[in-house]
Amino acid sequence: MPATLLDGNALAKTMRAEIGARAGEFERTHSRKPGLAAVLVGDNPASQRYVRSKRKACATAGLESWLHPLPHGTSQAELLDLVARLNADPAVHGILVQLPLPKQIAEEAIIRAVSPVKDVDGFGPENLGLLAAGHPRYLPCTPFGIQQLLVRNGVSLEGAHVVIVGRSNIVGKPLALILMQKAPGANATVTVCHSRSRNLADLTRQADVVVVAIGVARFLEADMIQPGAVVVDVGINEAGDGKLVGDVDFDAVKEIASAISPVPGGVGPMTITMLLHNTVDAARLQAGER
Ligand SMILES: NC(=O)c1ccc[n+]([C@@H]2O[C@H](COP(=O)([O-])OP(=O)(O)OC[C@H]3O[C@@H](n4cnc5c(N)ncnc54)[C@H](OP(=O)(O)O)[C@@H]3O)[C@@H](O)[C@H]2O)c1
């Protein structure tokens, strides 16, 4: 039987309405909207597209957003100066510095410079440390979105074996931390694989849930999962004909899996949704409500 679709567009719509209600409540209490400052350095078309989508989603959900476009040749000192000004601006509750940054800027230095209470991407060392210690403040948006996509589609993670393929700092590693939390909607047994893992297919075949985040088009094939497994596809790859494909061979795997997320329309819309969620949380935290 073909798999159920883990529909990120549908869930994002539901959750953005919920977030919009919380944003409205904040505005009624504080006479201003939760606000997100987006910093875009250079003219990378994909980054421009992502920032546009994020700002549009803010507007729809009743959040304020500001765009700070900087030229490609911006120095690290100039970007640090802007981040310092945004850190000090009380109207700005969340700061999003769109990655990747041009080569002359060390991403790590910028991530560390964002005030931890405004770090709504959840990438900074303080927020990652809190997550690792079991007291999360803001969860990184893509892995948070993956967890919500699973839980709110009725996939039980409690005691489940989740195999994550990919160990990046923005997806695989924080996802492992989120899913192994001693908390409802988590409590999973997590295995993390990467390019050096031996016998990778033997590992993915043991999983109740497989999450693939590697950036290799159609990498996960049908014989790499057990029948009935749940599959989440994080990858975004250009197929060559202008279309986007994920890291999963969707047409083959959907015949074996019990549930599967599509690309596009799976994890992508959830990532933006969790950014809005974190920005409302940040506004409430800075207003002393959390
Ligand atoms: N939908 C969204 O919102 C969203 C958000 C973020 C990323 N993405 C997409 O997700 C994908 C991954 O992004 P990322 O930033 O996490 O990537 P990344 O930083 O390039 O990390 C890729 C990871 O995959 C592992 N890997 C690569 N080839 C492999 C292979 N053949 N077998 C096993 N592991 C392999 C790498 O292993 P090593 O560590 O050993 O090198 C690394 O851990 C990309 O397509 C990206 O566009 C989507």
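**Exercise 1.** Determine how far helix α7 (residues 172-179) is enclosed by the rest of the structure.

*Solution.* Six of the eight residues of α7 are buried, so the helix is largely enclosed by the rest of the structure. Buried means under 20% relative accessible area, with a 1.4 Å probe and protein chains only. Helices are DSSP runs of H or I with at least four residues, and strands are runs of E with at least two, numbered from the N terminus. The buried residues of α7 are Gly172, Pro174, Leu175, Ala176, Ile178 and Leu179. Their cover includes the helices α5 (125-132) and α6 (141-151) and the strands β5 (161-165), β6 (189-193) and β7 (209-212).

The model is predicted: local features need pLDDT of at least 70 and side-chain atom pairs pLDDT 80 or more, while totals for chains, interfaces and linings use all residues. Residues are numbered from 1 along each chain as its sequence is written, and side-chain values use heavy atoms, without hydrogens and water.

**Exercise 2.** Describe the protein chain as a whole, starting from its secondary structure.

*Solution.* The protein chain has 10 helices and 11 strands. Its radius of gyration, over C-alpha atoms, is 19 Å, close to the 19 Å from the globule rule (2.2 Å times the number of residues to the power 0.38), so the chain is as compact as a globular protein of 290 residues. The C-alpha atoms fill a box of roughly 50 × 40 × 35 Å along the principal axes. Of the 290 residues, 47% count as buried.

**Exercise 3.** State how the protein chain is divided into domains.

*Solution.* Domain 1 covers 31-116 and domain 2 covers 141-268, with bounds from an automatic or database domain assignment. Their centres, over C-alpha atoms, are separated by 29 Å.

Terms used. Buried < 20%, exposed > 50% of the residue type's maximum accessible area, 1.4 Å probe, protein only. Contact = heavy atoms within 4.5 Å.
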